[in-house]
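Here's a quick tour for anyone new to reading protein models. Take a look at the sequence and the 3D view, then follow the points underneath.

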Amino acid sequence: MSFEKRILCIGAGYVGGPTMAMIANKCPQYKVTIVDINPDRIAAWNSDNLPIYEPGLYEIVTRVRGRNLFFSTDIEAGIREASIIFVSVNTPTKTFGAGSGMAADLQYWEKTARHIREASRSNKIIVEKSTLPVKTALAMERILTATANGIHFDILSNPEFMAEGTGVKDLESPDRVLIGSRETPEGLRARNELIEIYANWVPRERIITSNIWSSELSKLVSNAFLAQRISSINSISSLCEKTEADVTEVARAVGMDSRVGNKFLNASIGFGGSCFKKDILNLVYLCRNYGLDEVADYWEGVVRINDYQKERFVLSMLGAMFNTLAGKKICLFGFAFKANTGDTRESPAISISRRLVEERADIVISDPRALANAQLELKDIKEKITFIEDPLSAAAGCDAIAVMTEWDIYAALDFKKIYETMRKPAFIFDGRNILDHNSLFEMGFNVFPVGKPPLTHF
């Protein structure tokens with residue numbers, strides 16, 4: 001079959017996989033190939049058991065796979081064939097050397113850039129899809145043009161703003177698509193070619209353009225602002241608990257101000273996921289690198305509040321359950337960092353589980369999609385934890401339930417039946433404020449929400 005364009009994505013993860021599946025779905029005239037160095041991941045994408053869970057993704061992949069969407073481990077062939085290459089490789093936080101714990105680890109990105117240069121036989125448009133520090137495109141340009149082989153590369157920044165759990169919806173109807181480029185004739189031509197791809201289904205007014213440095217920085221800043229709102233309302237939740245105010249009522253009053261808005265104002269045990277903490281720390285590192293220490297301190301405070309909120313939740317459990325958790329059985333409802341995904345990266349449940357084990361509690365973890373990943377995250381203490389998918393079975397014989405993830409199924413459970421199977425006094429710590437607290441109290445539970453007065457029988 002003849003295709004108008006041949007598009008390659010290097011990296012078959014949470015961003016590359018869904019994004020390319022959507023492009024293939026909306027653009028049957030293009031051939032889209034996704035490559036990865038991990039053969040098991042590629043095998044999973046070619047199977048009925050996709051490596052990631054995202055509502056609606058399976059249906060799209062199975063519809064277009066083999067038609068114009070292909071998964072492969074042959075990276076060199078993919079590079080040679082494609083005219084447009086999306087780079088969507090992992091950029092974790094460094095765990096070594098200068099910037100350890102804050103700066104982005106760009107070793108995989110650099111290896112990919114060198115691989116592209118060595119395998120290319122024709123001009124390419126390279127699209128940064130990974131979240132990268134500002135000015136990374138300049139480094140990529142220097143790597144790609146380090147040899148005088150007569151091949152021209154245009155670098156574009158096209159950060160991804162989809163949210164896990166609603167990724168397919170966000171890709172199908174995005175708030176905006178941002179494309180950054182050099183302001184040169186070549187850069188503008190490359191930018192227009194990428195615009196033409198998205199214009200197959202995204203209204204033109206939602207496709208915005210900028211210079212390449214603004215685009216790179218916009219992704220970090222967007223995630224930092226969202227995380228900031230979560231930490232802001234969580235900081236107020238601690239004050240609400242001291243003053244007997246209700247954080248939900250406070251958030252509602254604040255959110256009705258049109259200048260503020262009501263999104264990301266739900267108090268909880270804190271944010272997780274692969275982006276927020278990593279991107280804020282990257283922003284902090286960049287600010288310190290440019291001598292902007294006051295700015296760095298400000299954004300670092302967002303992460304500190306998030307860590308504080310998780311520790312505060314554990315201490316609340318400890319205080320409520322008579323200042324000892326040793327030998328008590330606690331069931332965690334949920335382990336994914338948010339509902340409708342199996343992703344557990346930086347989930348608050350990780351640190352909370354570890355802290356509960358430190359307090360010598362017996363832990364039972366239940367989650368409809370993330371149990372396999374939970375076992376990987378806690379593999380070093382796995383023998384001290386029980387993993388049970390069914391929440392009713394998981395809660396049986398427990399002293400307490402702690403809601404970690406806002407899965408809809410938890411609000412719909414038969415808590416009367418659960419209460420009968422638990423040890424007494426029975427506790428519920430609602431880390432997401434998704435349950436009917438008054439109803440649970442009437443059943444006999446001692447209920448501890450986030451940012452609200454507890455409901456106790458003693």
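Helix α12 is the element that gives the most residues to the lining of the second largest pocket, namely 4. Keep in mind that you're looking at a predicted model. Below, we stay with that pocket for a bit, then move on to the cores and the aromatic rings.

**The second largest pocket**

- This pocket has a volume of about 270 Å³.
- Its lining is made up of 14 residues, and Glu241, Arg312, Ser316, Phe448 and Pro449 are the ones nearest the centre.
- Two or more lining residues come from each of α9 (212–243), α12 (293–320) and β14.

**The nonpolar cores**

- The largest nonpolar core brings together 41 residues.
- Ile7, Met20, Ile23, Leu69, Phe86 and Tyr198 have the most contacts inside that core.
- Which residues does isoleucine 7 touch, leaving out those up to four places away in sequence? Its partners are Met20, Ile23, Tyr30, Lys31, Val32, Thr33, Ala82, Ile84, Phe86 and Ile197.
- There's also a second, separate core, with 38 residues, including Phe313, Ile363, Ile381 and Phe429.

**Aromatic rings that pair up**

- Searching the whole structure turns up 15 aromatic pairs.
- One of them is stacked: phenylalanine 333 and tyrosine 410 sit 4.9 Å apart, centre to centre, with 15° between their planes.
- That pair links distant parts of the chain, since phenylalanine 333 belongs to strand β9 (residues 329–333) and tyrosine 410 to helix α16 (residues 408–411), 77 residues apart.
- Are these two rings' residues buried or exposed? Phenylalanine 333 is buried, with a relative accessible area of 0%, and tyrosine 410 counts as buried too, at 1%.
- Phenylalanine 415 and phenylalanine 445 have ring centres 6.3 Å apart and planes at 85°, so this pair is edge-to-face.
- Here, too, distant parts of the chain are linked: phenylalanine 415 is in helix α17 (residues 415–421), while phenylalanine 445 is in the loop between α18 (437–443) and β14 (446–449), 30 residues away.
- Both phenylalanine 415 and phenylalanine 445 are buried.
- Ring pairs also join Phe313, Phe322, Phe427, Phe429, Phe448 and Phe458 into a cluster.

**Charged side chains over rings**

- Lysine 31 lies over the face of phenylalanine 70, 5.3 Å from the ring centre.
- Arginine 176 does the same with phenylalanine 161, at 3.7 Å from the ring centre.

Terms used. Residues numbered from 1 in each chain as written. Predicted model: local features only at pLDDT ≥ 70, side-chain atom pairs only at ≥ 80, totals over all residues. Heavy atoms only, no water. Core = buried A, V, L, I, M, F, W, Y, C linked by side-chain atoms within 4.5 Å. Buried < 20%, exposed > 50% of the residue type's maximum accessible area, 1.4 Å probe, protein only. Contact = heavy atoms within 4.5 Å. Phe/Tyr/Trp six-rings, centres within 6.5 Å; stacked < 30°, edge-to-face > 60°. Lys NZ or Arg CZ within 6 Å of the ring centre and 35° of its normal. 1 Å grid on protein atoms, 1.4 Å probe; cavity = no way out; pocket = protein on both sides within 12 Å on 5 of 7 lines; lining within 4 Å. Points joined across faces, edges and corners; volume = space filled by probe spheres on them.
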